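Let's take a walk through this model, starting out on the surface and working inwards. Have the structure open as you read.

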Amino acid sequence: MRSLWEYANPKKFIETSQRVLPAVTWASVACLVVGLIWGFFFTPEDYRQGSTVKIIYLHVPSALMAINAWFMMLLASLIWLIRRHHVSALAARAAAPIGAVMTMIALATGAIWGQPMWGTWWVWDPRLTSFLILFLFYLGYIALWAAVEDDDTAADLTSILCIVGSVFAVLSRYAVNFWNQGLHQGASVMRAGALAGDTEERVSNVFALPLFVCIAGFVLLFVALVLLRTQTEIRARRMRALVARERRG
């Protein structure tokens, strides 16, 4: 654990992330290129949904990352509140715009997918509603960081907001389990036996395999962007500290 906390040192974090970043970036590009080309061009049409099913390769990974990005922010915020490590607070701040974009992609692709399948662009389904609220929490989180001048105070307030917003992250993931009503089906990809099950809700291997490659690509892309943006946040914080010191001097 002592070696793990060493990365809370900004200098150590930047040095390590700079070594890791190229590999993660190229791995994400490879997975995304392979997964998207495989999914969009080399999978058949679904017997029920036709070619519209292929939007799954954008919708599902982005939705998963939208929710899990918030959980990553929650973990980083808790570390800040408990251990007061600035890198964790800045990592949470760095992840917020990425998570917001993922949420927006998931909402847009869900609407595009829902129109031919459900006959409407939007319904106040429990999962859709909680997902929309999660997107608003993302925007509120970003706005709160920008509104408060003192970084430590902003980190405290946004950490509390992140804890509250986690309720809607959980609802976005498990709303189908909590409420039977709604148009969304239960989990069919990220569950035990997704590839081997024999229920109607499971995803066929011909669609699931490229989907898992796309999910890996989105995860690696998220990691790469968070590392890059956290480096930028650390440098920006140093610059603000230097400017403030010069003004006092």
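Start with Val 33, which sits in helix 2. This is a predicted model, by the way, so read everything below with that in mind. Is Val 33 buried, exposed or something in between? With a relative accessible area of 44%, Val 33 is partly exposed, since the partly exposed class runs between 20% and 50%.

Val 33 has company out there. Together with Trp 26, Val 29, Val 34, Ile 37, Trp 38, Phe 40, Phe 41, Phe 42 and Leu 209, Val 33 makes up a nonpolar surface patch with about 1000 Å² of accessible area. Which element gives the patch its largest share? That would be helix 2 (residues 10-41), with eight residues.

**The overall picture**

Zooming out, the protein chain is helical in its secondary structure: seven helices and zero strands, giving the pattern α-α-α-α-α-α-α along the sequence. There are 249 residues in the protein chain, and 42% of them count as buried. The protein chain exposes about 13500 Å², and 66% of that comes from carbon and sulfur atoms.

How much of the contact map is long-range? Among contacts in the protein chain with a separation of 6 or more, 74% are between residues 24 or more positions apart. The next two sections give some concrete cases of distant parts meeting.

**Rings inside**

The model has six aromatic pairs. One of them is Trp 70 with Tyr 138, an edge-to-face arrangement with 4.8 Å centre to centre and 90° between the planes. Trp 70 belongs to helix 3 (residues 56-83) and Tyr 138 to helix 5 (residues 126-147), so this pair ties together parts that are 68 residues apart in sequence. Both Trp 70 and Tyr 138 are buried. The two also belong to a wider aromatic cluster, whose other members are Phe 137, Tyr 141 and Phe 168.

Trp 70 turns up again when you look at Ser 166. This serine is in helix 6 (residues 151-178). Ser 166 counts as buried because its relative accessibility is 8%, and the cut-off for buried is under 20%. What does Ser 166 touch, if you leave aside its neighbours within four places in sequence? The answer is Trp 70, Phe 71 and Leu 74. What about the polar end of the serine? A polar atom of the Ser 166 side chain lies 2.8 Å from the backbone oxygen of Cys 162.

**Charged pairs**

Now for the salt bridges, of which the structure holds six. Here are three of them, with the N to O distance for each.

| Salt bridge | N to O distance |
|---|---|
| Asp 151 and Arg 237 | 3.4 Å |
| Asp 152 and Arg 237 | 3.2 Å |
| Arg 229 and Glu 233 | 3.7 Å |

Arg 237 appears twice in that table, so let's take its partners in turn. The salt bridge between Asp 151 and Arg 237 links distant parts of the chain, with Asp 151 in helix 6 and Arg 237 in helix 7 (residues 205-248), 86 residues apart. The salt bridge of Arg 237 with Asp 152 also joins helix 7 to helix 6, this time across 85 residues.

How accessible are these three side chains? Asp 151 counts as buried at 12% relative accessibility. Arg 237 is partly exposed at 21%, and Asp 152 is partly exposed too, with a relative accessible area of 28%. Both aspartates and Arg 237 are part of a salt-bridge network that also takes in Arg 240.

The salt bridge between Arg 229 and Glu 233 stays within one helix. Why can these two be about one helical turn apart? Because Arg 229 and Glu 233 are four residues apart in helix 7. Arg 229 is partly exposed, with 29% relative accessibility, whereas Glu 233 counts as buried at 11%.

**Putting it together**

So, what should stay with you? On the outside, look for the nonpolar patch that draws eight residues from helix 2. Inside, look for the buried Trp 70 and Tyr 138, and for Ser 166 in contact with Trp 70. Then follow Arg 237 from helix 7 to Asp 151 in helix 6 and to Asp 152 in helix 6.

Terms used
Residues numbered from 1 in each chain as written. Predicted model: local features only at pLDDT ≥ 70, side-chain atom pairs only at ≥ 80, totals over all residues. Heavy atoms only, no water. Buried < 20%, exposed > 50% of the residue type's maximum accessible area, 1.4 Å probe, protein only. Contact = heavy atoms within 4.5 Å. Areas by Shrake-Rupley, 256 points an atom, 1.4 Å probe, with all protein chains shown as cover. Polar contact = N/O pair within 3.5 Å; in protein donor to acceptor, adjacent residues only side chain to side chain. Phe/Tyr/Trp six-rings, centres within 6.5 Å; stacked < 30°, edge-to-face > 60°. Patch = residues over 30% accessible without salt bridge, like charges linked within 9 Å, V, L, I, M, F, W, Y side chains within 5 Å. Salt bridge = Lys/Arg side-chain N within 4 Å of Asp/Glu carboxyl O.
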